Amino acid sequence: MHSAKDTYDEDSLPEFTPMNWSLKEIRNAIPARLFVRNTTLGLMYTARDLTMATTLWYGATYIDLTFRGTCTRSLFTSAGAEVMRWAVWMTYWWFQGLTFTGLWVIGHECGHGALSSSRTLCDVVGYFLHTVLWTPYFSWRISHHRHHSNHASMEKDEVYIPKTRSELGIPQEGNDPIDYEEFFGDTPIYTLFMLIRQQLLAFPAYLLFNVSGQKNYPKGTNHFDPKSILFNPAQRNAVILSNIGIFFMAWLVTLGSSIHGTANVMKYYGIPWLAVTHWFIMITYLHHTDPQLPHFRKGEWSFQRGAACTVDRDFLGWQGRFFLHDVAHYHVVHHFFPQMPFYHGAEATGYLRALIGEHYTYSNAPLFKTLWENYNSCQFVEDQGDIVFYKDRRGQARRRPTAQYRLHVNAK
């Protein structure tokens with residue numbers, strides 16, 4: 001019996017040819033009206049989300065009162081009432097987590113200047129929303145702008161930069177077979193643990209320690225040091241202002257814990273905030289990490305080629321569209337034109353897709369299944385080649401560049 005490696009033939013993989021449209025050609029394909037920012041509409045979405053968050057929070061104050069009450073326990077028994085109490089808390093955490101994430105998305109819109117043509121209004125709203133969700137608004141806005149400017153560049157992108165074969169210590173393909181199990185032979189339980197760790201801690205780790213960030217930055221790079229390589233001298237006051245907001249939140253949460261108890265702060269605020277970090281990392285990871293998406297080195301990278309290297313996903317169906325403001329459904333067009341308001345994303349995507357055709361990527365695959373598969377399939381890229389694709393735990397890719405862009409290695 002032949003192994004999967006025996007039957008793997010890189011020559012038979014689907015081919016990829018990079019796109020050659022200019023950014024001007026792509027922009028001209030989309031009606032100008034879709035780039036117009038409606039301040040009133042943007043603020044209405046913000047007010048809607050804040051109202052939902054407040055309503056959910058207020059409703060949650062009755063959960064323990066209701067299900068610990070004598071009437072409820074006599075009607076459903078003590079055990080039944082306790083099960084119902086935690087079921088309602090989990091329902092609260094689910095929807096409040098989505099609502100908080102939606103507010104974070106609006107803060108993200110503000111960072112791009114998509115909420116309004118007023119930069120001041122964008123910064124005031126974005127600073128408030130991101131600060132209450134533990135994101136240093138100005139600091140992250142600066143690095144996120146650089147991510148958009150260099151997306152899918154192996155040398156200059158800010159986040160989700162693939163590890164290379166040599167960085168993982170994997171020898172080059174040759175006549176002797178490579179035991180990839182030696183490098184990626186983790187048990188499924190350990191892999192699941194690492195995935196959960198990523199979902200809950202990756203964003204704070206990126207902000208604090210540059211985990212998954214640009215590998216050329218010096219050790220100690222973070223989003224809180226005004227003198228960090230991430231920022232130029234003119235941006236340092238903005239970084240300090242971001243830090244003041246985070247310090248204020250630390251004080252506020254500490255005060256709330258001392259008055260209402262740590263358990264209550266976690267139930268009303270802490271767990272929904274953890275949901276924000278989970279959804280944010282899941283959304284961005286699946287946007288930018290997929291075996292079908294290329295990464296470019298400087299010889300072939302361009303802004304528009306990089307912008308196309310993301311995936312629109314049917315993320316949580318109607319809940320993703322309503323609570324998360326289509327942030328996952330129409331992310332490709334957002335990478336081309338980040339100042340375009342999210343509420344124009346659906347229509348603009350239709351025009352974009354009609355122009356770039358096969359260079360537009362969409363997936364309606366089950367989300368959590370895709371997260372698991374991509375976490376296992378996207379392990380490393382080759383050290384050479386101006387267009388590279390992820391390889392999995394067996395050293396196998398699912399796509400390759402056309403012959404003129406291809407690095408030929410012995411992968412049979």
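This report looks at a helix pair, a pocket and an aromatic pair in a predicted model.

Local features here need pLDDT of at least 70 and side-chain atom pairs pLDDT 80 or more, while totals for chains, interfaces and linings use all residues. Residues are numbered from 1 along each chain, and side-chain values use heavy atoms, without hydrogens and water.

Let's start with the helices (DSSP runs of H or I, at least four residues, numbered from the N terminus). The axes of H5 (residues 70-112) and H6 (residues 119-132) come within 8 Å and cross at roughly 145°; axes are lines fitted to C-alpha atoms over the stretch in contact, with angles from 0 to 180 degrees between N-to-C directions. Among the residues making the contact (heavy atoms within 4.5 Å) are Trp 104 and His 108 of H5 and Arg 119 and Leu 129 of H6.

Next comes the second largest pocket, which holds about 580 Å³ of space. A pocket is an open set of points on a 1 Å grid where a 1.4 Å probe fits, with protein on both sides within 12 Å along at least five of seven lines; lining residues have an atom within 4 Å of a point. The volume is the space filled by probe spheres set on the points. Of its 19 lining residues, those closest to the centre include Trp 57 and Tyr 269. H10 (236-260) gives the most to this lining, with five residues.

Here is how the two sets of residues divide, with Ala, Val, Leu, Ile, Met, Phe, Trp, Tyr, Cys and Pro as nonpolar, Asp, Glu, Lys and Arg as charged, and the others as polar:

| Set | Nonpolar | Polar | Charged |
|---|---|---|---|
| Contact of H5 with H6 | seven residues | six residues | one residue |
| Lining of the second largest pocket | 15 residues | four residues | no residues |

Definitions and conventions: Helices (H or I, at least four residues) and strands (E, at least two) are DSSP runs, numbered from the N terminus.
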